[in-house]
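Me: I should like to learn how the terms used for a protein model are justified. Please let me ask about them one at a time.

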Amino acid sequence: MLFRSRRKVWFLVLVLNGIGTLVTNDPSLDRGKLGIIKDASLVVDDQNKIALACEATKLPREFRGMAIDVEGRAIVPGFVDSHTHLVFGGDRAEEFEARMSGKPYSAGGIRTTVAATRGSNNDFLVANARRLANEALHTGTTTLETKSGYGLSIVDETRSLQVANEITSETTFLGAHVVPAESQIDDYVALICGEMLKQCAPHAKWIDVFCDRGAFEVDHARSILKAGANAGLGLRIHANQLQQGGGVQLGVELGVARGRGEQRGEAGEIVPGRRRVLRLVREQLEDFRVRRQAGDRPAVRPKGYPNLAFVGQFC
């Protein structure tokens, strides 16, 4: 719908009114770090961009007739999930059951999923990834990244990224997830840094590496990330999930955009001579300030996962 005001032309698709609490994340409003507006209105244009966020009393008169009254509900920014694996075949229900019985995670399940993914056609992979992305959207996640990593061959990593691009523009090449059963590590690292990267880079925005026990050591991870940087990809690292190691230091050394931190306390690791802070993402919620009801957390948690919590749907 087209509206004209004194200063500009508005192409509007949505006007919301009666918002009890609007969280803008705009500290310039001088309403705290979250930029909270009480009794607010919100206007969205035809590009799905916020055209106006203001107190309800300041909503231009010409917009009020088309406004939807949300009756005092709160509106907050969507969640951003910076680490997902949506492109895969099969499932790992047996592994999950074992972990819930207290057995430690060893990363062996990755190879199970690799076999299933290689045996799945593109139509299935797209449908499954889209189903999971839609589920995330309906529970409050409006932006997500997703990776390859369950193909581990030139053909399967390339098509995994092509599938990922059907879902999001934030795609990550994770050929360095583990070494496939048919390869030796030095040969596989050479393949990743060579022909696999050449074929996958046009479909990816980022490159990631699993730098941990059972996957890739620091020197191999460094070679892979440097090759990705030379190909124009942004850098990420997934490290220290299974053991204390040098993954965080490597991330700081190379200036990665993001590190996936786990339960090994690496946020406190010191890298001598460096002042850069590596942004970490922890899968476990150490301080989730919502009162838990009985049964919200499993009675038995996997060894090494003291903070595992099943939060369920956010929205």
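Me: Where does Asn 48 lie, and why does Asn 48 count as exposed?

Reply: Asn 48 sits in the loop that runs between strand E3 (36–45) and strand E4 (50–55). Helices (H or I, at least four residues) and strands (E, at least two) are DSSP runs numbered from the N terminus. A residue is called buried under 20% relative accessible area, exposed over 50%, and partly exposed in between (1.4 Å probe, protein chains only). Asn 48 has a relative accessible area of 67%, and it is therefore exposed. Its phi is near 60°, a positive value in a residue other than glycine.

Me: On what kind of model do these statements rest?

Reply: This is a predicted model, in which local features need pLDDT of at least 70, side-chain atom pairs count only at pLDDT 80 or more, and totals for chains, interfaces and linings use all residues. Residues are numbered from 1 along each chain as its sequence is written, and side-chain values use heavy atoms, with hydrogens and water left out.

Me: How do you know how confident the predictor is along the chain?

Reply: The predictor's confidence in each residue is given by pLDDT, from 0 to 100. The chain averages 82, and 76% of the residues score at least 70. Over residues 261–278, however, the pLDDT is below 50, and it stays under 50 over residues 282–315.

Me: What makes Leu 152 buried?

Reply: Leu 152 has a relative accessibility of 2%, and therefore it counts as buried. This residue is placed in the loop between E9 and H5. Its phi is near 55°, again positive in a residue other than glycine.

Me: Why is H5 described as largely enclosed by the rest of the structure?

Reply: Eight of its 11 residues are buried, so the description follows. Among them are Asp 156, Glu 157, Leu 161 and Val 163. The buried residues of H5 pack against H3, H4, strand E9 (146–147), E10 and H6.

Me: How do you know whether Thr 158, a member of helix H5, is buried or exposed?

Reply: Its relative accessible area is 11%, and so Thr 158 is buried. A contact means heavy atoms within 4.5 Å. Apart from neighbours within four places in sequence, Thr 158 is in contact with Ser 153, Gln 199, Cys 200 and His 203.

Me: Why is Thr 172 called buried, and what joins its side chain to that of Glu 145?

Reply: Thr 172, in strand E10, has a relative accessible area of 0% and is therefore buried. Its side chain and that of Glu 145 are joined by a polar contact of 2.6 Å. A polar contact is a pair of N or O atoms within 3.5 Å; within protein, one must be able to donate a hydrogen and the other to accept it, and residues adjacent in sequence count only if both atoms are side-chain atoms. Beyond four places in sequence, Thr 172 also has contacts that include Ser 148, Trp 206 and Arg 236.

Me: What makes the largest group of nonpolar residues a core?

Reply: A nonpolar core is a set of buried Ala, Val, Leu, Ile, Met, Phe, Trp, Tyr and Cys residues joined through side-chain atoms within 4.5 Å. The largest such set has 46 residues, and Phe 173 and Phe 216 have the most contacts inside it. Among the elements that each supply at least two residues are helix H5 (154–164), strand E10 (171–176) and helix H6 (185–200). A second, separate core of seven residues includes Leu 22, Ala 40, Leu 42 and Val 70. In soluble globular proteins, nonpolar side chains tend to be buried together.

Me: How do you know where H6 bends?

Reply: The bend at a residue is the angle between axes fitted to the seven residues ending there and the seven starting there. For H6 this angle is about 45° at Ile 192. The expected span of a helix is 1.5 Å times one less than its number of residues. H6 has 16 residues, yet its end C-alpha atoms are only 19 Å apart, short of the 22 Å that a straight helix would reach. Its buried residues, including Tyr 188, Ile 192 and Met 196, pack against H5, E10, E11 and H7.

Me: Finally, what makes Glu 94 exposed?

Reply: Glu 94, in helix H2 (residues 93–100), has a relative accessibility of 71% and therefore counts as exposed.
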